[in-house]
Amino acid sequence: MSKKAIVIVESPAKARTISKFLGKDFSVVSSMGHIVDLPQKKLGVEIDNAYKTEYVVIPGKKKLLGELKKTAKDVDAVYFATDPDREGEAIGWNLKEWMSLKKQEVYRVEFHEITKSAIDEAFRSPRAFNEDRIRAQQARRILDRIVGYFLSPLLWRKVTRGLSAGRVQSVALRLIVEREKEIRAFVPQEYWSIDAEFKKKEGAAKDKRPFRASLEKIDDQKIQIANEAEAQKIVADLAAKDFKVESVDKTMKSRSPLAPFITSTLQQDAFNKLRYSATKTMFIAQQLYEGIEVGEEGPVGLITYMRTDSTQVAQVALSEVRSFISSAYGAPYLPDAPRVYKSKKLAQEAHEAIRPTGVKRTPKDMQAYLTPEQLKLYELIWKRFVASQMNPAQMEQTSVVIRADRYALKATGSRLIFDGFSVLYKSEDDSEEEAKKELPALAAADALTLVTLEPGQHFTKPPARYSEGSLIKALEEDGVGRPSTYAPTIATVVSRDYVRREKGYLLPTDLGIKVSELLVSYFPQVMDVSFTAHMEEELDMIEDGKADWVKILNEFYAPFKEKLDFAAQDIKKEVIYTDEICDKCGKPMVVKWGRKGKFLSCSDYPTCKNSKSISSGVKCPAPGCGGDLILRRSYRGRSFYGCSNYPKCTFTSRDLPSTEETPAADAQDKNTLPPQGD
């Protein structure tokens, strides 16, 4: 006998977890994500016909669609329980349309955590599909298709075949490229500091712990010491002075906990603390959301939905966490009322922050059921959420001014009065603050003994390259992209070899710089951060029913088409000749770009198809090899140096070995990577 209803979700893991909470009258099946999409080889959008779309079944999904139709044939109702965001709404809507449901009742159910109470509530209160949300998703898809479909051929003509451009990805690439240009143009400036170590004079007090201070002012003017000669002159003069405490200022500082995670802050913290890429973070978070086997409980969703920009927390979760804090940490750690955090302007307040579905499932309790990587991310989410509802930490900060004639030095210290939320969760700022040492007991007019006086040379530093965490933070602050786009945006620019990961940072390749400069030159609007952020706001307005999606697409397309037509006429392919001569036909070799980066190609291509890699100029250190080391790229987007004689020689190194290095065996032992097939 067939079931009375089927429930359609995106993934088998989610289906297994949900089926545990539903009775025998429900059959839960998976669509494996999108079933239909725009066609791969043509635009699929009728721009002059109100952007009518031509969707097709994704290759490889026809059989699955047929199975879903067959499963739904004899049921009374179909529930679409896809994810609670634009993408999930569109997946469910398209499934409904392509399954040709006629006699069945159709319902949309939405929940933000996969727990029994949430599932029961969702199925008690099904709703119709949100057409505004579907229009917003469709508008985004059309925008991205138009940009990618029309810009990619231009990149082929100017640079090389196989390149592509994207609306959000290209803006992210621009940020990375512009930061790299700032770094390359940076000229370091020398400056000097003078640090001293003091202790109280004999007989002044019992507390004679040494402490450090820095020279701050000379004649009440902020110091600016440009070179060693100036520094040494000041040191010589200062060393002969008597030192006394001029003032001691103590202040209480309250440090409040951070809001519970949203998508962007989770990705930032997971990168900073765990070194997880954005893609890895979201993959693991998806597993925790969709369900983990927890002993006799079976599959349980351990966290709420992981794509969100809202810091809202359900009342039942607030009650649970406050009860937990009271019992586990005591009354001093519990605020009088729940802490409320403000979300950004256009956050979806119907959504929740990322939190554990049951705060009593502590990381220690879950250790037996989670992989080490899952446990680390769960612990991060759990601690951040619990800490967000705890009392502030209290610090006593001490600032001491030390006077020596015309010189003023400053010492600072801090003392933890009450740890509050920091007993559980520390941010980088918290750790830095607590690292400040406590000063000895000092009072105005205390005489001090100078222990050491040290000048120090420094140079101003260029801005740091973006890491995945800092890029996501920049994109979020600029309003570019939304929770679902951060991870795929970074993954895309890396997979296209526009950007490479180098020691935790994002480094633009020559190809990435070239593509970005071309797009900025011809399509400044598409590459403009504020314009892209404005488009995101308009998509949000479509979802809220406050804007017409066709009008917004028209406003984008008209100026875009004008720039497109100009670029099509103006762009000419640039050929970069080298001094290398083709060893097959004698013609000059030219620089080209391919899937794995730059290479040399015969200028008489396709008549002569000779090509070769570009050498780093360093010989392979493997004994008896004699090959050249060549910069290569792994499928994860990491750069490494491999031998030109691969696969005969499998030497690889993360860094370019020095030409003075001779012990090749040591170099391989210390720096070996997987074979170049990686």
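The protein chain holds 20 helices and 27 strands, and the model you are looking at is a predicted one. Half-buried is a fair first impression, as 50% of the 678 residues in the protein chain are buried. Helix H12, spanning residues 372-388, is a good place to look once you have the overall picture.

**Overall dimensions and surface**
- The C-alpha trace of the protein chain spans about 95 × 80 × 55 Å along its principal axes.
- About 33,200 Å² of the protein chain is accessible surface, and carbon and sulfur atoms account for 50% of that area.

**Contacts and charges**
- Taking contacts in the protein chain between residues at least 6 apart in sequence, 69% link residues at least 24 apart.
- Positive side chains number 105 and negative ones 96 in the protein chain.
- The centres of these two sets of charges are 4 Å apart.

**A closer look at helix H12**
- From first C-alpha to last, the 17 residues of H12 reach 24 Å, close to the 24 Å expected at 1.5 Å a residue.
- Because 12 of its 17 residues are buried, H12 is largely enclosed by the rest of the structure.
- Among the buried residues of H12 are Leu 375, Leu 377, Leu 380, Ile 381, Trp 382 and Phe 385.
- Gln 374, Tyr 378, Arg 384 and Ser 388 of H12 are buried too.
- The cover over the buried residues of H12 includes helices H8 (263-274), H9 (278-290), H10 (315-329) and H11 (363-366).
- Strand E13 (292-293) also belongs to that cover.

Technical notes. Residues numbered from 1 in each chain as written. Predicted model: local features only at pLDDT ≥ 70, side-chain atom pairs only at ≥ 80, totals over all residues. Heavy atoms only, no water. Helix = DSSP H or I, 4+ residues; strand = E, 2+ residues; numbered from the N terminus. Buried < 20%, exposed > 50% of the residue type's maximum accessible area, 1.4 Å probe, protein only. Contact = heavy atoms within 4.5 Å. Areas by Shrake-Rupley, 256 points an atom, 1.4 Å probe, with all protein chains shown as cover. Lys, Arg positive; Asp, Glu negative; His and termini not counted. Charge placed at Lys NZ, Arg CZ, Asp CG, Glu CD. Expected span 1.5 Å × (residues − 1).
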